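Visitor: I would like a close look at one part of the surface of this model, with some account of the chain around it.

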Amino acid sequence: ALILREHGFVQNIKLLRTEDIPSLMMHPSTLGVDVPMQPTSNTSSHNPPPPVFEPDIVEMNAAMLLRFLKANCTRENSTYLLRRAANTTNIQLFDITSISERRVQRKWVWWLALCSYRFACRLEQLQVNVSLQQIDGASRREYRNRQRSLLHNTLNLLEELADMDDDDDDNNNNGRGGRTGRHETIGAAVCEHLADTYLWNNDEQEADGDFAGLTRRDSEKSTSNTPAPCASSSQPYRNVTVDCLDKAHDHLMNGIKKLTPLLEKAKQNQGQDKKNGPPSIEVEAISTQLYGIHHKIVNVCLRLADHHLKNYFSSNLIRSLRTAARTLADATSLLVDHLGVFEFCGGGSRTESNPESIPDNSYARSILLQHAWLWEYCGHFARSFAADGLWRDRGHTCGADLVGLFREVNASCVGVREACFGKSSKVPKTTCSVRASSHGQVSLDSLSGLVILPHDFERIEASVLQKKGCHEAIGAARAILNRKTQIKRDARQVLVAACVCYGHAIDSYVFLADQREEG
């Protein structure tokens, strides 16, 4: 088939037999060109037009070229470029791998990395723009796999560029080492895109691997012998499987590992701290990218905690909650120290420079919402442990493990509370915190119950809500706990810890509601 194009548009398609190609390929009748009328004769009507080329000569040249390529293309894992200049008969063969010794390959590797990244982004945009009803499950999986392959290829090429830069630094510094640009921001963006490909599963039936069936079986069993799902309906990634969440978490952590040293280097190059001036554009850009990755990691860890909570995976649950708390603290530090966009501090809703304007505090809202979810999961964990003995038998955990986890989460969230409520530990007026109700006597560092049994509610309120009454109530509670067995003491203390955890979550929700009413 001969396709005729003009200015990039297909004008005509001709079908030719193989034996007619030499003589009819460039014939005016094939090309659709009008030929002036000529007198015809009996001899000319039967003679075919002269051939444009001789097939035997073309076949001989092709055989010679193939032998030349076989004789010279002998290096394994190498790339070759065959070139012939216009209006010449000389053919040149370039070994791209050999060119890399002259450092020309860096340009080609960089170009290939960007091409792979752009094609992967186009596939992502295609899936976003096209309605899900127009793409079946097999096509969606094919798109995801192709996109992941392109993104992995991009990472491999960027690593190859980094190795080239390291070799150059070693040569230029006489073996002392050193580093030039390693394209960390693009590498972190690629890692984030890879994580997104595993977080797109809006339907469990479209999940990758056999984990979708495992998740469905777990959800069926959860109605009988396992704790019920505790995830809030507003949390993301509800239908993503555990396997996809783990893979997304690994890619996001790789992105943080790429950006964290780059942020430290940018802060050193800036040569000034927050008191001397605003952060540089480089610091602000890297911090913004890091915050986005931290935000996703917190959501992924909380969703993993929900899965582990249903299956008595205590070690995985503790690790997920601990990682979520530390990542949330790092995200808050990025907003407060490097970006300066955290507007909940002190509870104010207007900036000092412009008292009439109300700033956008969406970053602060997202941090405080994740803070509430984190403490809510801690409360769920403590309440389930106190009520279900399988946590000891299957989860192999004890009350001290939970209390230690909650104290670590509390230490990590100190910066979050200071940023949201102010350094004076300002809390909402309608606080439900056990610490505030007990005048600071009951906290995660000093767990105890409150046991006062008067005859009427007024005496309960008068005794417990006063500082002296709290001391009496705590003393009575400790006396009762000392007469219990170790397992029951752990259960009661963990229940008190659950009240403290739920108190932190409620305070965050109440503060968010108050801010919404003021806005």
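Which residues make the nonpolar surface patch of about 270 Å²?

Guide: In this predicted model, the nonpolar surface patch is made by Ile3, Val10 and Ile13, and its area is about 270 Å². Ile3 has its place in strand β1, which covers residues 2-6. With a relative accessible area of 45%, Ile3 counts as partly exposed, because that class lies between the limit of under 20% for buried and the limit of over 50% for exposed. The value for Ile3 also fits the requirement that residues of a patch have over 30% relative accessible area.

A patch of another kind can be set beside this one: Arg483, Lys484, Lys488 and Arg492 gather on the surface in a patch of positive charge. Of these residues, Arg492 is placed in helix α20, which spans residues 486-518, and Arg492 counts as partly exposed because its relative accessibility is 38%.

As for the setting of both patches, the protein chain has 20 helices and 4 strands, and 39% of its 519 residues count as buried. The accessible surface of the chain comes to about 30300 Å², and carbon and sulfur atoms account for 52% of that surface. Among the contacts in the protein chain with a separation of 6 or more, 71% are between residues that stand 24 or more positions apart.

Methods. Residues are numbered from 1 along each chain as its sequence is written. This is a predicted model: local features need pLDDT of at least 70, side-chain atom pairs count only at pLDDT 80 or more; totals for chains, interfaces and linings use all residues. Side-chain values use heavy atoms; hydrogens and water are left out. Patches are made of residues with over 30% relative accessible area and no salt bridge: like charges are joined within 9 Å, nonpolar side chains (Val, Leu, Ile, Met, Phe, Trp, Tyr) within 5 Å. Accessible areas come from the Shrake-Rupley method with a 1.4 Å probe; for residues, only the protein chains shown count as cover. A salt bridge is a side-chain nitrogen of Lys or Arg within 4 Å of a carboxyl oxygen of Asp or Glu. Lys and Arg count as positive and Asp and Glu as negative; His and the chain ends are not counted. The place of a charge is taken as NZ of Lys, CZ of Arg, CG of Asp or CD of Glu. Helices (H or I, at least four residues) and strands (E, at least two) are DSSP runs, numbered from the N terminus. Buried means under 20% relative accessible area, exposed over 50%, partly exposed in between (1.4 Å probe, protein chains only). Contact means heavy atoms within 4.5 Å.
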